[in-house]
Each structure stands twice: as C-alpha cells, then as structure tokens.
Amino acid sequence: MLFSHDEYQEYQSRIAKVKKSMEEKGIEVLLVTNPSNMNYLTGYDGWSFYVDQMVAVIIDEDEPLWIGRYQDANGAKATVWLDHNNIIPYPDEYVQSQTRHPMDFIADFLTQIGQAKRKIGVELESYYFTALAYERLKAKLPDATFKDGSLLVNYVRIIKSEMEIDYMKKAATIVEKAMQTAVNSIHVGARQCDAIASIYYDLITGTSEYGGDYPAIVPLMPTGENTSAPHLTWSDQPFKDNDMVIIEIAGCFKRYHAPLARTVSLGKPSEKVTDLSKVVVEGLNHALDAVKPGNTCEDIEAAWRKVISKHGIEKEARLGYSMGLSYPPDWGEHTASIRKGDKTILKPNMTFHLIPALWFENYGIEISESFRVTDQGVEVLTNYTRELIVKGDFDFEEPVIS
C-alpha cells in the first residue's frame, strides 16, 4: 500500500511517542497484541485478531515488526507502511494446535534476532493476549524480564492528530445519517431487525464522498422494559404502541468512531419519562460546558452530578470515556473515564463519548454526544437534535420540570 508523505510522518511520530513511553517504563521490546494499537502503529487492518498476532516495537530498531499468521501476511503487505522484510509470518501448524503455540514461534524468532534477554513489555490487560500466550512466552524466553505494557500505546493514542480528528468528523457525519434512518425506521409494527438492517446500510454506505466501516460494537437497541439494560441488541419482534426504544450506534471511518445515542418514544411518553429526559439533557449540557483544557474528567462528571442531584437522581455508572480508533468488541480506548476520581487533565484533541444515560428497574433513557476537547473548550462532533424523540399522532404538551 502506498502512503503519502503526511501519513508516513504520522506513523513516525506515533512510533517516536511510543518509544519515549517505553524508555520511561524501562521497556526495550514492546509486544503489542491489541489490534487497535497494531493499526495505530503500522496501519494493519484485517479481521485476523481471532488468532495470535502482534507488532513488536524494538527500542533501537527504526521500524516495528508485524508477526502473524502466514495467510495474513499478504494482508499486512497490503495495509502496513513497514518494509516487507519486517513482516514475519508463522506457519498454520501453530494455529489452534494442541502441541504448538504461536508464542513458541515468536519467542524463537525474538531469540534469533538477539532480543531474548531484554526487558519485554506485554499487554497483560488486553482481550487478545491470553494467559496461555503469556505462559508460553515466559517459558520460551527464560532470560527475559517481563513487564506490564498494558495501555502504553492507548495513552499515546489519547491525544489525536488532525488527521485522526478529520476521520472522526467523517464518522460523525455517517452516524448522523444513520441515526435519522434509525428514527425513521422505528415505528409501530416494524420489526426490530428490519430497523437494524436499515441502520447498517447507512453505516456502511456512508456518504457519496466516502463510505463507512464496520463499527467496533453492533447497534444497540434495547426496547420496552429492556431499556433498563443498556447493552441489549435487537430481536425479530415488532415495535409496539408506547414502546420506548434506545438506539446507540457509531459511525466508523478508517476504524475511527463517533458514537451517538438517542431515545425514541412510540406514543406519548409518561410525565415521569418526559421530565427525566429534560434532566438528562440539562445535565448533558452542563457537562459539555465543563469541557475545557486544564479541567479534569472528574470536573465534567461533577457538573453532571450537580444537575441530577437537585432532582434527587444518582447515577452508578461512569459518564463517559475516551474513544476513537478501535476494533471489536469495544470502541472505547480503556484510558480516561468521565467519573468521580478520574483526575485525567483534559488536553486539546482528546476525544470522548459522553453518555449521561439513566437506567432504572423497567425503563431507561440515553442521549449521548461525542466530543473533542479544543484549545478553547469543546466541539461536539455530531449535530443531531438533543432531546427525547417522540413519534405518534397526538397533541403533546411538554410538562415543565419543577
């Protein structure tokens, strides 16, 4: 794959930042297994993370190594900026074998290139690095000193470049379109699965200028009493009169995400639900007002909590999280969280999903925004009506919250 000068410089900058963090943590070889981090450092983009693979960043080598399954090596050649000599494939006899393990191959390779006695960082906190993989590495590299390199690359990723921000803005445009399709598709008598199919169509087709990518999380659409459970998907059942429906989706462009959540009422909502939606929006607006460089994540949460507290409401879950480049099963970066006690200082070009949702015993409401920290304050990435969306043929007068 051909990379522009700007793209090549972007990757060089990322490698330099990661090596600086490695030096600070006393790591000489960093073995990166999180596919988001692999993409961030090399550009690798393939659905191969169900088998063992990694990027090895060696402190005194100019380029990282991509190490993965033999049949995925051509995919690496098609997507990474690395010299093809730095693409190291292992044979298929190591895949899901009872006698061999890919870490055996990787350990032997690291030994061959003189890295067997170094301080090696591994991503212990990663979906993609198993306990067995760690044990096989340690057994085959007894002279190495192993260190926890979890989230090292993630924290480098937390501040986005202008190129990354551009990707996220494109993702935001895609999700605006898909959210409108979602609202249009959700009506009494329509099947939930058909609404999801329409949403997926827009997420993937994107716009006439650029297409979309698959999001790291499938569309979430709890319906009826299930709106009390935030992470349910959909069924083949039709929507019914007076159903509440939550839609949480994300546009995705070149693996960069812009999530958005809204709640739809199919019929006149109860006064309780209407009042609650106004509290959520009020709290969301105050939280966004607290976003500016120098403030902390917990400052944003405090602004939200001040609003909901005066209405006698408490929220157990965090208010949001850093997000951006990702692969399944999550679009979060696993770094900063918007919650009490998180003293992460906000800096320009940090990006978050702010999701001030409230879930109760048999109903819930979600109205979220993706935002970027700017030099002066905040930029909301999407532009979509920020309210409870009511669908139905009736005269509806919104009550006033006391």
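## The five-stranded sheet

An open sheet in this predicted model is built from 5 strands in the order S10-S9-S11-S14-S15, and their pairing is antiparallel. Strands, like helices, are DSSP runs numbered from the N terminus (E, at least two residues, for strands; H or I, at least four, for helices), and two strands pair if DSSP finds at least two bridges between them. At the edges lie strand S10 (332-338) and strand S15 (378-380), each of which pairs on one side only. From one strand to the next the twist averages 35°, where axes are lines fitted to C-alpha atoms, for helices over the stretch in contact, and angles between N-to-C directions run from 0 to 180 degrees.

Within the sheet, strand S11 (residues 351-354) and strand S14 (residues 369-373) run antiparallel and are joined by 4 bridges; Phe352 has Phe371 in S14 as its bridge partner. Helix H9 (residues 271-289) packs on the sheet, touching S11, S14 and S15, and its direction makes about 165° with that of S11. Helix H10 (residues 297-309) also packs on the sheet, where it touches S10, S11 and S14, with a direction about 60° from that of S10.

## Basis of the model

Residues are numbered from 1 along each chain as its sequence is written. Local features need pLDDT of at least 70 and side-chain atom pairs count only at pLDDT 80 or more, while totals for chains, interfaces and linings use all residues, and side-chain values use heavy atoms, with hydrogens and water left out.

## Ala287 in helix H9

Ala287 has its place in helix H9 and counts as buried because its relative accessibility is 1%; buried means under 20% relative accessible area, exposed over 50%, and partly exposed in between (1.4 Å probe, protein chains only). Leaving out residues up to four places away in sequence, Ala287 touches Ile300, Ala303, Trp304, Leu319 and Leu354, contact being heavy atoms within 4.5 Å. Ala287 and Leu319 are 32 residues apart along the chain, and their C-alpha atoms are separated by 9.4 Å.

## Nonpolar cores

A nonpolar core is a set of buried Ala, Val, Leu, Ile, Met, Phe, Trp, Tyr and Cys residues joined through side-chain atoms within 4.5 Å. The largest one has 65 residues, of which Leu30, Trp66, Ile186 and Ile247 touch the most other members. Helix H7 (residues 162-185) gives the largest share of this core, 10 residues, and at least three residues come from each of domain 1 (5-157) and domain 2 (162-391), with domain bounds taken from an automatic or database domain assignment.

Leu30 touches Val18, Met22, Val55, Ala56, Val57, Gly121, Gly149, Leu152 and Val153, not counting residues up to four places away in sequence. A second, separate core of 30 residues includes Leu276, Val279, Tyr363 and Val373.

## Strand S1 and Ser126

In a regular strand the side chains alternate between the two faces of the sheet. From strand S1 (residues 29-32), Val29 and Leu31 point one way and Leu30 and Val32 the other way, and all are buried. S1 runs parallel to S5, with 3 bridges joining them, and antiparallel to strand S2 (residues 54-58), with 4 bridges. Val29 stands opposite Ile120 in S5 and opposite Ile58 in S2.

Ser126 has its place in the loop between strand S5 (119-122) and helix H5 (131-140). With a relative accessible area of 16%, Ser126 is buried, and, its neighbours within four places in sequence left aside, Ser126 is in contact with Thr33 and Asn34.
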